[in-house]
Amino acid sequence: MTSSSPLGDRVWCLLCNDHVRFVSIHHATQFADVSRRSIYRYIEAGKIQFFKLARTGQYRVCSGCLLSQGKPADD
Ligand SMILES: [Zn+2]
């Protein structure tokens, strides 16, 4: 489990119940067409699965969860 890089690999997502690609926050904003704020809100609300890279402290979020959120009403 520790040998594979999360970059570009599919990771098991408890919420999707499937192996899904996890992407950076920056990538997520582009592909889900939402703001960074929305993504952090999803994370805080537990709506999307995520993990933090040990080396850089960057987040990786589940692309499957993101797509299932739909378009948020951004304030
Ligand atoms: Zn997911």
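Among contacts between residues at least 6 apart in sequence, 51% join residues at least 24 apart. The model is a predicted one, and its protein has 75 residues, of which 23% count as buried. Three helices and four strands are present, and along the sequence they follow the pattern β-β-α-α-β-β-α.

**Strand pairing**

The strands pair in the antiparallel sense, as set out below.

| Strand pair | Residues | Bridges |
|---|---|---|
| E1 and E2 | E1 is residues 10–13 | four, antiparallel |
| E2 and E4 | E2 is residues 18–24, E4 is residues 59–62 | three, antiparallel |
| E3 and E4 | E3 is residues 50–52 | three, antiparallel |

Strand E2 is thus bridged to E1 and also to E4, while E4 pairs in addition with E3. Individual partners fix the register of these pairings. Between E1 and E2, Val11 has Val20 as its bridge partner, and Arg10 stands opposite Arg21. Where E2 meets E4, Ser24 is partnered by Arg60. In the pairing of E3 with E4, Lys52 lies opposite Tyr59.

Two of these pairings are hairpins. E1 and E2 are separated by four residues, and in the turn Asn17 has a positive phi of about 60°. Six residues lie between E3 and E4, and the turn of this hairpin contains Gly57, with a positive phi of about 75°. A further positive phi, near 75°, belongs to Gly46, which follows helix H2.

**Helix H2**

Helix H2 spans residues 36–45, and within this helix Ser38, Ile39 and Tyr42 are buried. Viewed down the axis of H2, the buried residues fall within an arc of 100°, so they line one face of the helix. Arg36, Arg37 and Glu44 are exposed on the other side of H2. The buried residues of H2 pack against helix H1 (25–32), strand E4 and helix H3 (63–69). Both helical and strand elements therefore serve as packing partners for the buried residues of H2.

**The nonpolar core**

The largest nonpolar core holds 13 residues, and those touching the most other members are Phe22, Ala28, Ile48, Val61, Cys62, Cys65 and Leu66. At least two residues of this core come from each of E2, H1, H2, E4 and H3. E2 makes the largest contribution, with three residues.

Cys62 is one of the core residues that touch the most other members. Which residues does Cys62 contact once its neighbours within four places in sequence are left aside? They are Cys13, Leu15, Cys16, Val20, Phe22, Ile48, Gln49 and Phe50. Two of these contacts, Phe22 and Ile48, are themselves listed among the core members that touch the most others. Val20, another contact of Cys62, is the residue of E2 that is bridged to Val11.

**Summary**

In this predicted model, E2 is joined by bridges to both E1 and E4, and E2 also supplies the largest share of the largest nonpolar core. E4 is bridged to E2 and to E3, and is among the elements against which the buried residues of H2 pack.

Definitions and conventions: Residues are numbered from 1 along each chain as its sequence is written. This is a predicted model: local features need pLDDT of at least 70, side-chain atom pairs count only at pLDDT 80 or more; totals for chains, interfaces and linings use all residues. Two strands pair if DSSP finds at least two bridges between them. A residue is buried if 20 or more other C-beta atoms lie within 10 Å of its own, exposed if 12 or fewer, and partly exposed in between; C-beta atoms are placed from the backbone. Two residues are in contact if their C-beta atoms, placed from the backbone, lie within 7 Å. The arc is that of the directions from the helix axis to the C-beta atoms. A nonpolar core is a set of buried Ala, Val, Leu, Ile, Met, Phe, Trp, Tyr and Cys residues joined through C-beta atoms within 7 Å.
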